[in-house]
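Please follow the charged side chains through this structure, and keep in mind how each of them is placed with respect to solvent and to its partners. The walk starts from a single backbone contact and widens from there.

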Amino acid sequence: QVQLVESGGGLVQAGGSLRLSCAASASIFSINKMGWFRQVPGKQREWVAAITRVGMRNYADSVKGRFTISRDNAKNTVLLQMNNLEPEDTAVYYCSAATAALYEYWGQGTQVTVSS
């Protein structure tokens, strides 16, 4: 089992920045990929960004150029640097991990609120 704990959410004004952290209970080298998702009430969960075991990165169009996903292997941590935040970025952000092809492990989420 892999346990994931998110942190770093909070309240920020539009144009500001936040950095989310996801600490994994297992070495991220044993995880095929890790990703960030977000969800607002009444809407479907949205994929935001992912990073693979070999370091390939992918982003949703809505955050491309503003968000950066990275990893700290020594700390078994995946980060999401969020810059130039917009009110539309307001959501609960979830970290997820996949040991194979599909995401099977999830954190409990951290709230990000961007005021206009």
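In this predicted model, a polar atom of the Asp89 side chain lies 2.8 Å from the backbone nitrogen of Glu86. Asp89 itself sits in the loop between strand E8 (77-82) and strand E9 (91-98), and because its relative accessibility is 1%, where buried means under 20%, Asp89 counts as buried. Leaving aside residues up to four places away in sequence, Asp89 touches Arg38, Arg66, Phe67, Asn84, Val112 and Val114, a list that includes two arginines to which the next paragraphs turn.

What does Asp89 form with Arg38? The two residues form a salt bridge in which the closest N and O atoms are 2.9 Å apart. This pair links distant parts of the chain, since Asp89 belongs to the loop between E8 and E9 whereas Arg38 belongs to strand E4, 51 residues apart. Both ends of the bridge are buried, Asp89 as well as Arg38, and for Arg38 the relative accessible area is 6%.

A salt bridge also joins Asp89 to Arg66, with 2.7 Å between the closest N and O atoms. Here again the pair links distant parts of the chain, with Asp89 in the loop between E8 and E9 and Arg66 in the loop between strand E6 (57-59) and E7, 23 residues apart. Arg66 has a relative accessible area of 10% and is therefore buried, while the value for Asp89 is 1%. Salt bridges that share partners join Arg38, Glu46, Arg66, Glu86 and Asp89 into one network.

Within that network, the side chain of Arg38 also meets the side chain of Glu46 in a salt bridge, at 2.8 Å from N to O. Glu46 is partly exposed, with a relative accessible area of 31%, whereas Arg38 is buried at 6%. For the whole structure, the search finds 5 salt bridges.

A contrasting case is Glu6, which lies in strand E1 (residues 4-7). Which side chain of opposite charge is nearest to Glu6, and how far away is it? That side chain is Arg45, at 10 Å, and Glu6 has no salt bridge although it is buried; since a salt bridge requires the nitrogen and the carboxyl oxygen to be within 4 Å, a separation of 10 Å does not qualify. The Glu6 side chain nevertheless has polar contacts with the backbone: it reaches the backbone nitrogen of Cys95 at 2.7 Å, and one of its polar atoms lies 3.0 Å from the backbone nitrogen of Gln108. Among the residues that Glu6 touches, not counting those up to four places away in sequence, are Cys22, Trp36, Tyr93, Gly107 and Thr110.

Two of those neighbours, Trp36 and Tyr93, lead into the nonpolar interior. The largest nonpolar core has 29 residues, and those with the most contacts inside it are Met34, Trp36, Leu80, Met82 and Tyr93. At least two residues of this core come from each of strand E3 (18-24), strand E4 (33-39), strand E5 (46-52), strand E7 (67-72), E8, E9 and strand E11 (110-115). Tyr93 ties the themes together, for its contacts, not counting residues up to four places away in sequence, include Glu6 and Arg38 as well as Trp36, Leu80 and Met82.

Notes
Residues are numbered from 1 along each chain as its sequence is written. This is a predicted model: local features need pLDDT of at least 70, side-chain atom pairs count only at pLDDT 80 or more; totals for chains, interfaces and linings use all residues. Side-chain values use heavy atoms; hydrogens and water are left out. Helices (H or I, at least four residues) and strands (E, at least two) are DSSP runs, numbered from the N terminus. Buried means under 20% relative accessible area, exposed over 50%, partly exposed in between (1.4 Å probe, protein chains only). A polar contact is a pair of N or O atoms within 3.5 Å; within protein, one must be able to donate a hydrogen and the other to accept it, and residues adjacent in sequence count only if both atoms are side-chain atoms. Contact means heavy atoms within 4.5 Å. A nonpolar core is a set of buried Ala, Val, Leu, Ile, Met, Phe, Trp, Tyr and Cys residues joined through side-chain atoms within 4.5 Å. Lys and Arg count as positive and Asp and Glu as negative; His and the chain ends are not counted.
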